[in-house]
Amino acid sequence: MDWVNAIVQGVLLGGLYALFAAGLSLIFGVMRLVNIAHGDFIVLSAYLGLTVITSTGMHPLLALIIVVPTMAAIGYFLQRGILNQTLGDDILPPLLVTFGLSVILQNLFLASYSADPQKMDAGALETASVSFAGLSLGILPLLTFGIAIVVIASLQYMFFCTSLGRAFRAVSDNQDIAQLMGLNKRHMFGLAMGIALGVTAIAGILLGIRTSFDPTAGSARLIFGFEAVIIGGLGNLWGTLAGGIILGVAQTIGAKIDPGWQLLSGHIAFLIVLAIRPQGLFPRVSG
Amino acid sequence: MSAQTYSVSRDSQSAKVAAVLGVIVLIVLIAAPWWAGRADMRLMGEMFLYLSLACLWNLMAGYAGLVSVGQQAYVGFGGYMLFALTMFAGLPPLVAIVGAGVLGALISIPVAALIFRLRGAYFAIGTWVMAEVFRLSFAQVSSLGGGSGSSLPVGIVRSLAGSRSARESLAYWMALGAAVVVIAAVYLFLRSRRGLALTAIRDNELAAASLGIDVWRIKFVVYVVTGGLTAMLGALIFLQKLRISPDAAFSVNDWTAFVIFIVVIGGIGTLEGPIIGTLVFFALRETLADLGTIYLIVLGFVAIVVMLKAPRGVWGFVRERYDIQLFPLAYHVQKKPKTDK
């Protein structure tokens, strides 16, 4: 039963990892940009949430109403102001600029919130649980998993069933021709980053309720998100959810064997997938 | 009528001057224990080690297109191997440093086989995952102190040299020697047949492949050589620090972020860039370090601005403007003096 419990908890944890990964996957899909500072934006959302709830006394989940649009705006202007300039054939500029951003963000957190771990207080939600078939499931992990499914389903719907999604797919397929068809690719990239950071905001708040975070917590989150993307297969959002679940289960099973093995076994699961199926488990079918 | 004759050569006036100056500077630096204070020597030793790391990172990112943010894997690995080889195998430290390099090259082979499956930016994050795997694995080794790390036993430190000043001089010379060896190795590699192939890959990977260059193989060789040399540097770094812990050994800030800033600011894809970058980086650090976190924020801004406004860095700017090179690597067409025939 302990093992079943570990697996179920791992699946639920995978929902959070899928949320970490969804933004990363979206911006790679639209503009082939890999944001090294992605994890730091997750932590930024958590700190913004913390500031909002300490100054207004709101419930953390309610703070999403403020944090999500703020992060989306940051994303849009960051993309238009800085990151659009780095896009091109050379992979080095976006990589190094986002790496620089990551260092700046981490030190800004350090300067404004100190190195102490912080946590958001969500009251009864943190400890509430339901019993199901002999397992005790936390409401928060269940909620996180539910949100992950809703977010991924919405992104999927947005991508394939709306005119915005069509525009994203168009700039993704061929930027120049999309531009000729009257799409402003700079604006589209801005919107994509805005949506990505909006999703990141949700992930950041849920992270901040679930565990404590500190200024350097971002890099591990970037790595988890990245692993979920690669395990699931590039360009496939439902695959990313599966990747997150596999990563989460590997970590909880590892932790069950020996607490020191939690993170290591997640990385090992990633390396095994990389060795056996480098294209990921569910790569996008069409190019 | 005599035709103007031209020749293609790598030689240039500036390179000759630079070579002479370089030798003079080197002699002055070798003599540092007789003219420099203890603190200055420490700082210079650190500069040489960073210069070496930067040269190696530049060889990978600037020439082979392998942008790694996980070189701390090899720095830490080398450091731990120094501790393991001296403490458990009883090797003298100097032998252990070479041993750490060999082991670093060996371990980089399976690592490369795995992460070379990732392209471009995903490769970068893949290297980071590898560094995390190394960090977490070494944190599990309880005989090396586990998560809290361990110190190098006094006996091993004493075996290096009797007196403290002799040890400090030795550490300084080893750092200087490492920088000379790394720069010479990178220079000779770039002058060789493989280096020509590498330069071709830097300029256009697709064109290079179509000319029959085995791109994967060249990149693989660069990765393994860099891994080995970086591990050796790691051993040297932790021989000076005398204490190792997983967080210090596999620190992404110390061993990768700073190195990237050095190369980007100095000029990526040139041999001169890391030298200029190291001087700029340490000048910034020595003047701004008291500001703490502000200093790192400034450094991040400088790197972003350089990347956006002058992506070839300080040296790229100088070279474009004055057309000089300190290392004779690029080919130039030169007029030959007229000869009557």
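**Entry 1: a tryptophan and its patch**

I looked up B:W35 first and found it partly exposed, at 47% relative accessibility. My classes are buried under 20% relative accessible area, exposed over 50%, and partly exposed in between (1.4 Å probe, protein chains only). The model is a predicted one: local features need pLDDT of at least 70, side-chain atom pairs count only at pLDDT 80 or more, and totals for chains, interfaces and linings use all residues. Residues are numbered from 1 along each chain as its sequence is written, chains are lettered from A and ligands numbered from 1 in the order in which they are written, and side-chain values use heavy atoms, with hydrogens and water left out.

B:W35 sits in helix 2 (residues 32-35) of chain B. Helices (H or I, at least four residues) and strands (E, at least two) are DSSP runs, numbered from the N terminus.

I then listed the nonpolar surface patch that includes B:W35. Its other members are B:V17, B:V20, B:L21, B:I24 and B:V28, and the patch covers about 570 Å². Patches take residues with over 30% relative accessible area and no salt bridge; like charges are joined within 9 Å, nonpolar side chains (Val, Leu, Ile, Met, Phe, Trp, Tyr) within 5 Å. Accessible areas come from the Shrake-Rupley method with a 1.4 Å probe, and for residues only the protein chains shown count as cover. Helix 1 (residues 13-30) of chain B gives the most to this patch, with five residues.

**Entry 2: salt bridges**

I searched the whole structure and got ten salt bridges over all chains. The criterion is a side-chain nitrogen of Lys or Arg within 4 Å of a carboxyl oxygen of Asp or Glu.

In chain A, I noted A:E126 with A:K119, at 3.1 Å from N to O. A:E126 is partly exposed at 31%, and A:K119 is partly exposed at 35%.

In chain B, I noted B:R285 with B:E46, at 3.0 Å from N to O. This pair links distant parts of the chain, 239 residues apart: B:R285 is in helix 14 (residues 272-288) and B:E46 in helix 3 (residues 38-63). B:R285 is buried at 17%, whereas B:E46 is partly exposed at 28%.

B:D247 forms a salt bridge with B:R135, the closest N and O atoms being 3.4 Å apart. B:D247 lies in helix 12 (residues 246-249) of chain B and B:R135 in helix 6 (residues 120-140), so the pair ties together parts 112 residues apart in sequence. B:D247 is exposed, at 53%. I also found B:R38, B:R164 and B:E168 joined into one network by salt bridges that share partners.

**Entry 3: where chain B meets chain A**

I counted 38 residues of chain B in contact with 40 residues of chain A. Contact means heavy atoms within 4.5 Å. The area buried between the two chains is about 3,600 Å², and carbon and sulfur atoms give 85% of it. Buried area is the accessible area (1.4 Å probe) that two parts lose on being put together, summed over both. On the chain B side, B:Y122, B:I125 and B:W128 lose the most area to chain A, together 19% of what that side buries.

Between the chains I counted zero salt bridges. Three residue pairs are in polar contact there (both at pLDDT 80 or more). A polar contact is a pair of N or O atoms within 3.5 Å; within protein, one must be able to donate a hydrogen and the other to accept it, and residues adjacent in sequence count only if both atoms are side-chain atoms.

Helix 5 (93-115), helix 6, helix 13 (252-266) and helix 15 (293-309) of chain B each supply at least two residues of the side that touches chain A. Helix 6 gives the most, with 14 residues.

**Entry 4: two buried residues of chain B**

I placed B:S108 in helix 5 of chain B. B:S108 is buried, at 0%. A polar atom of the B:S108 side chain lies 2.7 Å from the backbone oxygen of B:A105. Leaving aside neighbours within four places in sequence, B:S108 is in contact with B:Y74, B:Y223, B:V224 and B:G227.

I placed B:F220 in helix 11 (residues 215-241) of chain B. B:F220 is buried, at 18%. With the neighbours within four places set aside, B:F220 is in contact with B:I109, B:A112 and B:F116. The C-alpha atoms of B:F220 and B:F116 are separated by 8.3 Å, the two residues being 104 apart along the chain.
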